[in-house]
Amino acid sequence: MTSVATPAVTPAAGVPDSLQAPAPANTAPAASVTAGAPAISLADIARAHDVRFLLATFVDMTGKPCAKLVPVEAADELEKGAMGFAGYAAGLIGQKPQDADLIAVPDLGSFTPVPFIKEGLAIIHCDPHVNGTPWPYAPRVILKNALTRLADKGMQAKVGAEVEYFLVNKNDDGTLSTADTRDDSPRPCYDARGVTRMYEHLTSISDAMNTLGWGNYANDHEDAAGQFEQNFNYADALTTADRVVSLRYILNILAEQRGMTATFMPKPFTDRTGTGLHFHLSLWSEGAPLFPAGDGNPDPGEPDGRGLGLSGLAYSFIGGILDHAPALQAFLAPTVNSYKRTGATTSSSGATWSPRKASYGGNDRTHMIRVPDNKRLELRSGDGSANPYLAIATAVAAGLDGIERSTDPGAPSGPGESKPDAHVLPATLLHAVEALRRDPVLLSSLSGDPDIGTYYADAKEEEFLSWHNQVSDWEIRTYLTSI
């Protein structure tokens, strides 16, 4: 998180200011289908950027991108709420087969031309509505509702995201192998040769992000063979979540065009470091940061000289996340495979970079919450399968609960340490689901409705049991002739 937020789209050369895509206003609740028309239309914006087709996009609760390909000639119909989706068919989004259509209502501030994917193509993120009302199960609507609650307290959230992924090939026998066959070192992190061999892929992604004005500032080989990370500047919470979804799509498509698969699966290889999705969180009010102690902060004290330079509000936010950490993992680590990452004891590099307890400390990557400086905290227990809208919404809800209760997380833990009474993070997805069901704050954090939290918990339990009911190769090797 090294720079200020940037607009969603860089200005198009020769396009009048009135036709540039508007900057996102992402703390407001989703606009209704019947809201007044914006000053300029989606069709005007699209034509000004030479866009011929729009991917009208939203994600379900698993983070799967759903879209219709809409020609610019039908952009007005899209904007007026004429594009319906059968929600039950779309995925995990709270609908039954008999329910009314989800209507995709585009957020013009999210307009994202992607000519590096296909000439004349753009992504537009949408808020699903049903019968003229924002659908409360839709992840983007859930995040907007969480940010509205934060705004009611006079605060805004800014977020940075570290997107990690593997580049792999799927072999004929179903196994995975590293796309770069020379990338086989047990400790390849930051390897200049590995980055150079993937130069065309990495630079194409970097160019895409910079063309969009995201501010790509680093592209590196991560800790595992075949694993990479590409970073962009932080922004307001909704813009960052949109960008994570867009970047995953861009990475998938550009990797496929080069004959590779980009995967965000948390643990595709047993013996390698897993894939994280780390979030850098900060709270602001009227343009001023709320986490640093002093500097005009209305809560200036550094309680008890804890040494991190944080305000009391920041410590309460941390305390809320730590208190709700077990339930929060149902959103930060939402798959069966997630717990192969958090449960790992080591990897070929010698470290897992994945916390096992709900601890916090200074510039130390072994903690669930790392405080690299007094302006932000890094939440490190999320993985590549996390839905960014749900992950950010629930983290904000947990932190806000800590602020409302003036929670005190105590002194920070030392390097590699944790407190004896710190929560142990769930061992499996089922443990995380059980923790969610016991946590009324997080169960109600999805659009303020515990029924939505219960729906999500039930779906994740079913996912766990579906996996649990499959007989694995490990079971056959272990039990076939053991008795």
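**Strand 8 and its hairpin**

I started with strand 8 and strand 9 (residues 176-178), which pair in the antiparallel sense over 3 bridges. The model is predicted, so I read everything below as a computed picture. For a residue pair to anchor the view, I took Lys170, which stands opposite Leu176 in strand 9. The two strands make a hairpin with 5 residues between them. I also checked the turn: Gly174 sits there with a positive phi of about 90°.

**Other partners of strand 8**

Next I went through the other strands that pair with strand 8. Strand 14 (residues 277-285) pairs with strand 8 in the antiparallel sense, over 8 bridges. Here Lys158 has Ser282 as its bridge partner.

I then looked at Lys158 again, since the residue turns up in a second pairing. In strand 12, Asp236 is the residue opposite Lys158. Strand 12 (residues 235-236) runs antiparallel to strand 8, and 2 bridges join them.

Strand 11 (residues 227-232) came next: 5 bridges, antiparallel to strand 8. I marked Tyr165 and its bridge partner Phe228 in strand 11.

Strand 13 (residues 261-263) is also antiparallel to strand 8, with 3 bridges between them. Leu167 faces Ala262 of strand 13 in that pairing.

**Is strand 8 enclosed or open?**

With the partners noted, I asked how many of the 15 residues of strand 8 (residues 156-170) are buried. The count is 11, so strand 8 is largely enclosed by the rest of the structure.

**A patch at the surface**

I moved on to residues at the surface. Val471, Ile476 and Leu480 make a nonpolar surface patch of about 330 Å². I placed Val471 in the loop between helix 14 (450-468) and helix 15 (473-479). Is Val471 buried or exposed? Val471 has a relative accessible area of 65%, and because exposed means over 50%, I logged Val471 as exposed.

**Whole-protein numbers**

Last, I pulled the totals. I get 15 helices and 18 strands for the protein. Of its 483 residues, 57% are buried. The accessible surface comes to about 20,000 Å², and carbon and sulfur atoms account for 53% of that. I also looked up how contacts spread along the sequence: among those between residues at least 6 apart, 70% join residues at least 24 apart.

How values were computed. Residues numbered from 1 in each chain as written. Predicted model: local features only at pLDDT ≥ 70, side-chain atom pairs only at ≥ 80, totals over all residues. Heavy atoms only, no water. Patch = residues over 30% accessible without salt bridge, like charges linked within 9 Å, V, L, I, M, F, W, Y side chains within 5 Å. Areas by Shrake-Rupley, 256 points an atom, 1.4 Å probe, with all protein chains shown as cover. Salt bridge = Lys/Arg side-chain N within 4 Å of Asp/Glu carboxyl O. Helix = DSSP H or I, 4+ residues; strand = E, 2+ residues; numbered from the N terminus. Buried < 20%, exposed > 50% of the residue type's maximum accessible area, 1.4 Å probe, protein only. Pairing = 2+ DSSP bridges. Contact = heavy atoms within 4.5 Å.
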